[in-house]
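Me: I should like to learn how to read the main features of a protein model, one after another. May we work through an example together?

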Amino acid sequence: MRTYVGKEYGRYVMMHLSKGEGVLESIEKEIKRLEIQNGFVASGIGSARKIVFHRIADTEDNPTNEYITEEGPIEIGTIQGLIIDGEPHLHITWSAKDKTFTGHLEPGCEIQYLSEIIIIELLDVDLVRRLDEFKVSYIDQR
C-alpha cells in the first residue's frame, strides 16, 4: 500500500457538457488548458447517447480488458477518478433501460442532453504513475 497526504486544494472546475460533446475528451481538454497536474473528478452526472468503456475480462496476473460500446438512451450515475501528472483515470457508472454497468471511461462517450462534472485540483502533491510487474499502473511520488 502507498499513501500520499496533502492539505492544499486549488481551483475547482465545474463543467457543463451539452449535446454531442465527448465526455473524456472535454475533461482532458480542460485539464490541459488549465494545466492541472493532480486532482480528482469528484462528481459527474448526466445523460448520454453513447458510452464507451472497458472492464477487466478475467483475473489472470496480466490483465485482459474487454471494450464495450453501448448506444441509446443512457443515464450517467457517476463519473469519478483521479488526475495524476495531468492524466485522468476515470470510471463511469451508467444505466440503460434494462442494465447497469461500471468501468473505465474511454474516448467516444457522447452526451445526449447534458452532463455536469466537477474537478478539484490538488496543489501540494507531486505524483506520477508507474507500471508494476503486471503492467498495471500505480501512483508514486515524482
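Me: How many residues does the largest nonpolar core have, and which have the most contacts inside it?

Reply: Please bear in mind throughout that this is a predicted model. A nonpolar core is read as a group of buried residues joined through their side chains. In this structure the largest such core has 28 residues, and Val23, Ile51, Ile79 and Ile119 are those with the most contacts inside it.

Me: Which elements each supply at least two residues of this core?

Reply: One helix and several strands do so: α1 (23-34) together with β1 (9-18), β2 (39-56), β3 (65-84), β4 (87-95) and β6 (110-122).

Me: With which residues is isoleucine 79 in contact, leaving aside its neighbours within four places in sequence?

Reply: Contact here rests on heavy atoms within 4.5 Å. Isoleucine 79 then meets Val23, Val41, Ser43, Gly44, Leu90, His91, Ile92, Leu105 and Ile117. Val23 is thus a contact of isoleucine 79, and Val23 is also among the residues with the most contacts inside the core.

Me: Let us turn to strand pairing. In which sense do β2 and β3 pair, parallel or antiparallel?

Reply: Pairing is read from bridges, with at least two needed between the strands. β2 and β3 are antiparallel and share 13 bridges. Within this pair, glycine 39 faces isoleucine 83 of β3.

Me: Over how many bridges do β2 and β6 pair?

Reply: The pairing of β2 and β6 covers nine bridges and is again antiparallel. Glycine 39 has glutamate 121 as its bridge partner in β6. There is also an antiparallel pairing of β2 with β5, made by two bridges, and here histidine 54 is partnered by histidine 104.

Me: What should I note about the hairpin of β7 and β8?

Reply: In a hairpin, one looks at the strands and then at the residues between them. Strand β7 (residues 127-131) and strand β8 (residues 137-141) pair in the antiparallel sense through five bridges, and arginine 129 is set opposite isoleucine 139. Five residues lie between the strands, and lysine 135 has a positive phi near 65°.

Me: Aspartate 140 is in strand β8. How far apart in space are aspartate 140 and arginine 2?

Reply: Separation along the chain and separation in space are read independently. The C-alpha atoms of aspartate 140 and arginine 2 are 7.7 Å apart, although 138 residues separate the two in sequence. Beyond its sequence neighbours within four places, aspartate 140 is in contact with Tyr4, Asp126, Leu127, Val128 and Arg130.

Me: What is the volume of the largest pocket, and which residues lie nearest its centre?

Reply: A pocket is described by its volume and by the residues that line it. The volume of the largest pocket is about 340 Å³. Its lining comprises 13 residues, with His54, Asn65, His89, His104 and Val136 nearest the centre. Two or more lining residues come from each of β2, β4 and β5 (100-105), and β2 gives the largest share, three residues. By character, the lining has seven polar, three charged and three nonpolar residues.

Me: Why is histidine 89 classed as partly exposed?

Reply: The class depends on relative accessible area, with partly exposed lying between 20% and 50%. Histidine 89 has a value of 29% and is therefore partly exposed. Histidine 89 belongs to strand β4 and, not counting residues up to four places away in sequence, touches Gln80, Gly81, Leu82, His104 and Arg129.

Key. Residues are numbered from 1 along each chain as its sequence is written. This is a predicted model: local features need pLDDT of at least 70, side-chain atom pairs count only at pLDDT 80 or more; totals for chains, interfaces and linings use all residues. Side-chain values use heavy atoms; hydrogens and water are left out. A nonpolar core is a set of buried Ala, Val, Leu, Ile, Met, Phe, Trp, Tyr and Cys residues joined through side-chain atoms within 4.5 Å. Buried means under 20% relative accessible area, exposed over 50%, partly exposed in between (1.4 Å probe, protein chains only). Helices (H or I, at least four residues) and strands (E, at least two) are DSSP runs, numbered from the N terminus. On a 1 Å grid over the protein atoms alone, a cavity is a set of points where a 1.4 Å probe fits but cannot get out, and a pocket is an open set with protein on both sides within 12 Å along at least five of seven lines; lining residues have an atom within 4 Å of a point. Grid points are joined across faces, edges and corners, and a volume is the space filled by probe spheres set on the points. Ala, Val, Leu, Ile, Met, Phe, Trp, Tyr, Cys and Pro count as nonpolar, Asp, Glu, Lys and Arg as charged, and the others, Gly among them, as polar.
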